[in-house]
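Student: I should like a close look at a single part of this structure, taken slowly and in one connected account. Please begin with its setting before turning to particular residues.

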Amino acid sequence: MTDATEPEDDFKPRHVDWRLWRRIAGHLRPYPRYVLTMVGCGLLLAVVEVLLPLVTAGIIDEATGSGRFQRIAVLGGVYAGLLACFALLVWRFITAAGLIATSVAYDLRESSFARLQSLPFSYFDVRSTGWLVARVTSDVTKVTGLLPWFLLDLGWGTTMLVGIFTAMMLVDPQLGFAVSIIVPPMAIATWWFKRRMLESSRRIRAANSRITASYNETIAGVRTTRMLAREETAAGEFQVVSEDMRAWTVRNALQSAVYLPVVMSMGSIGVGIALWAGGVQVREETGLTLGLLIAFMQYAMLFSQPIQELAQRFVDLQSAQAAAERVQELIEETPAIRDSPEVAARIDATPADPPEGVAADGGRAVVETIRFEGVGHAYVEGERVLDDVSFELSRGTTLALVGATGSGKTTIAGLLARWYEPSDGRIVVDGVDYRERGLDWWQSQFGVVQQVPHLFSGTIRDNVGYGRLDADDDAIRAALERVRALDFVEALEGGLDFEVGEGGGNLSQGQRQLVSLARAFLADPQLFIMDEATSSVDAETEATIQNAVEEILRDRIAVVIAHRLSTIRRADLILLLDQGRIVERGSHDELMAAGGRYRDLYLAQFVDEAERRIIG
């Protein structure tokens, strides 16, 4: 799986991967009517364009010959009918193409989003938010914007070329061959220029990205630049990337400026051949009429149009191929953590409304015990972050994890929630390996309160209710009251209707934490993970949150990742971790009595906090 976008700086023309595009074309299957309409209109449009010069020839020959008004009127009517058909077909295929592009874009974005929802956290650990957003926005737009037009031009362009050649050969084979000699050099020239224009365009976009990044960085660091008197150096660095942009822009402009005259000149050669050779035949009255000569000249000019369009579409395929790969690979990404076939079969066999005491996966609905048995883990092979961790939890107990950054605290919580799975050892739930339980059911049993809580844009009602979408206002208020948050919510303008802003920016850190606790409490999970929930708030708010936490953890299994050791004195079991191993375990009183590292850490924090309170 590609985990980064294709570097623009390293661009090299690539062959079209037809197997990839066949997979992309598979997304057209739900829309056969639109596809057939668009392709059919393209074919008919090519036929109409091939017929128009012949009808024109008939009108000219009648007008310069016998001049029979009735026949000219009939041919004029046919010409008008063909023009009406032309307009109708153009309108219809544009409509069909738009519907295809919109519908397939919708499907791709929906499939991509659904796949992202099913992927484990490890997938997001190595991919930036911007990378993921680009997959379902710009990449999808690029692919779906090309797909219908490629299919259209493939049908229209090939039919147009075959139709023009056939018409010319039927009228005058010798002149037809003479005019068609411009096709190979025109195709080669078009392909050559398009490839190079594609490369220079990509180079321009790459240079533009570097200019934008340099400009943003300069603006963000303008104070540092001024303080260190590095204005001239910064200007020189910007000039380098700007010069690269200028060079590639000039090259692209030159290529575009040369390409059009070259193709037009080749088309003019075809017209010249038709005019010269056909003019001789008309003068010698060999059977070629003036009208047919004009038709040949029109065909010679029309030859270049499908060639240019087809060449452009093949170049577009190459340009969009990286985007197509990224979109398709995301949709086809297989989650590393998923239900086994046996578990999936058990879930399918379980009724939608299972009996009391039975979970959605057919197992026990109530979790009584959880046991880590020699659990080890490595995010990257060969770099272990957890080693031989064993402990047991039962319903109603709280586990506190203590240790330095990188000691394995968050990894234990992540393994417990099955955001990751152990590299070795196993996690047993009520005597059963938790991989034998349904993934969705297991993860739905957790309430998670993070150090920096995330609130969605919307009201407090929306954010608390996110824990249980069918909850009414009474249930939401009850949850807020249980976590000691109802008073501050009712004091806000609008109460439950108060807009929290993007990321909860209209609330303080402590208020966001209390809303997050209420949301978790409303979901009524069996297990809680508290990730340093009080480390970023003041002492008064910490006391409020701590009381709320004790309330919601009652009769549940809880794992608390502790920063302030004073908040975990009532934990049933404390594990002190160091480099992925448990070095001390016990209750607070037991560890203090043991006089080990935990006691030293606790006393050091106690003295430090006392000093801050005195100074503050």
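Tutor: The account below goes from the chain as a whole to helix H2 and two of its residues.

The model is a predicted one. Its mean pLDDT is 82, and 88% of the residues reach 70 or more. Confidence varies along the chain: among the elements, strand S4 (residues 424-429) has the highest mean, at 95, whereas helix H19 (residues 539-552) has the lowest, at 68. Over residues 1-13 pLDDT stays under 50, and for this stretch the model has 33 contacts beyond four places in sequence.

The chain has 616 residues, of which 45% count as buried. It contains 21 helices and 10 strands. Of the contacts with a separation of 6 or more, 77% are accounted for by residues 24 or more positions apart. The accessible surface comes to about 31,400 Å², and carbon and sulfur atoms hold 57% of that area.

Part of that surface is a nonpolar patch of about 400 Å², made by Val47, Leu51, Leu54, Leu170 and Val171. Two elements give two or more residues to the patch, namely helix H2 (32-64) and helix H5 (129-171). Helix H2 supplies the largest share, with 3 residues.

Leucine 51, one of the residues that make the patch, has its place in helix H2. Its relative accessibility is 35%, and leucine 51 therefore counts as partly exposed, since that class lies between the 20% limit for buried and the 50% limit for exposed.

Threonine 37 is also found in helix H2, but its setting is another matter. At 19% relative accessibility, threonine 37 counts as buried, because the class of buried residues takes in values under 20%. A polar atom of the threonine 37 side chain lies 2.7 Å from the backbone oxygen of arginine 33. Leaving aside residues up to four places away in sequence, threonine 37 touches Arg92 and Ala96.

Taken together, helix H2 holds both a partly exposed residue, leucine 51, and a buried one, threonine 37. The former belongs to the nonpolar patch, while the latter has contacts with Arg92 and Ala96.

Definitions and conventions. Residues are numbered from 1 along each chain as its sequence is written. This is a predicted model: local features need pLDDT of at least 70, side-chain atom pairs count only at pLDDT 80 or more; totals for chains, interfaces and linings use all residues. Side-chain values use heavy atoms; hydrogens and water are left out. Patches are made of residues with over 30% relative accessible area and no salt bridge: like charges are joined within 9 Å, nonpolar side chains (Val, Leu, Ile, Met, Phe, Trp, Tyr) within 5 Å. Accessible areas come from the Shrake-Rupley method with a 1.4 Å probe; for residues, only the protein chains shown count as cover. A salt bridge is a side-chain nitrogen of Lys or Arg within 4 Å of a carboxyl oxygen of Asp or Glu. Helices (H or I, at least four residues) and strands (E, at least two) are DSSP runs, numbered from the N terminus. Buried means under 20% relative accessible area, exposed over 50%, partly exposed in between (1.4 Å probe, protein chains only). Contact means heavy atoms within 4.5 Å. pLDDT is the predictor's confidence in each residue, from 0 to 100. A polar contact is a pair of N or O atoms within 3.5 Å; within protein, one must be able to donate a hydrogen and the other to accept it, and residues adjacent in sequence count only if both atoms are side-chain atoms.
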